[in-house]
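Biologist: I'm new to this one. Could you show me the structure and let me ask a few things about it?

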Amino acid sequence: MNDNDILLEVKDLHKNFQGHEVLKGIDMTIKKGEVIAIIGPSGCGKSTFLRSLNLLETPTSGCITFEGNDITDPSVNIDEMRQRIGMVFQQFNLFPNMTIKKNIMLAPVQLKKMSEEEAEQRANELLERIGLSDKADSYPSQLSGGQKQRVAIARSLAMNPDVMLFDEPTSALDPEMVGEVLNLMKELAKDGMTMVVVTHEMGFAREVANRVLFINEGVIAEDDTPDVIFSNPKTQRLTDFLNKVL
């Protein structure tokens with residue numbers, strides 16, 4: 001593996017909550033352009049691990065290097081780093097008092113990444129890309145859950161991030177709205193966006209990911225291609241998990 005291709009590197013990551021060890025020493029690297037799906041049972045540490053990648057959860061110990069910077073070092077400006085690490089949550093977290101276009105424009109303008117005019121142009125491009133140009137002047141309350149999540153993804157893309165983190169982005173949606181969000185994520189993957197996705201959508205993991213991580217009891221129990229993970233699991237625990245969810 002060419003070191004220049006490594007975007008994120010995690011070494012011996014641990015996280016304790018009130019004496020309970022949730023992450024028990026995770027090591028992994030993420031290369032530019034990879035789409036990594038993280039699967040595993042509820043409570044296994046998937047979301048905690050994902051949220052650690054931009055320090056929304058502060059690791060108890062271990063090291064996370066993003067584009068050559070150890071973001072666990074207190075001297076690193078984490079807000080600056082987060083501008084290059086997009087994050088999409090289960091809940092959409094849109095500002096209800098702002099139009100859809102203003103929601104997308106807000107961060108680039110506030111962080112002085114773009115002028116108002118540039119941000120508006122970028123927002124218009126993104127709205128067209130996600131198929132919601134006609135909703136530019138609508139408010140979040142006027143949108144369906146699937147539309148809100150697409151806007152939340154566009155809002156992250158407005159900052160031109162180098163990697164996108166998705167924390168179960170379809171779990172709060174009605175089943176018929178899941179497809180429209182997954183289709184947008186498939187397009188991003190096709191365009192070469194580096195993505196790390198905690199998901200219950202096994203079809204998405206199988207079809208779109210280059211790698212699938214199976215996290216169990218705070219460790220990466222298996223890390224392989226979708227073919228191997230789904231067709232030839234190496235551990236009984238993964239076999240049992242897949243039998244329940246497929």
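Biologist: Which residues are exposed on the other side of α9, away from its buried ones?

Modeller: This is a predicted model, where local features need pLDDT of at least 70, side-chain atom pairs count only at pLDDT 80 or more, and totals for chains, interfaces and linings use all residues. Residues are numbered from 1 along each chain as its sequence is written, and side-chain values use heavy atoms, leaving out hydrogens and water. In α9 (residues 236-245; helices are DSSP runs of H or I, at least four residues, and strands are E runs of at least two, numbered from the N terminus), L238, F241 and L242 are buried. Exposed means over 50% relative accessible area, buried under 20%, partly exposed in between (1.4 Å probe, protein chains only), and on the other side of α9 that goes for Q236, N243 and K244.

Biologist: Why do L238, F241 and L242 sit on the same side of α9?

Modeller: Look at the directions from the helix axis to the C-beta atoms, which define the arc. The three share a side because that arc around the axis is only 95°.

Biologist: What is the bridge partner of V88 in β7?

Modeller: V88 and G86 point one way from β6 (residues 85-88), I85 and M87 the other way, and all are buried. β6 pairs with β7 (residues 163-167) in the parallel sense over four bridges; pairing takes at least two DSSP bridges. Across from V88 in β7 is F166.
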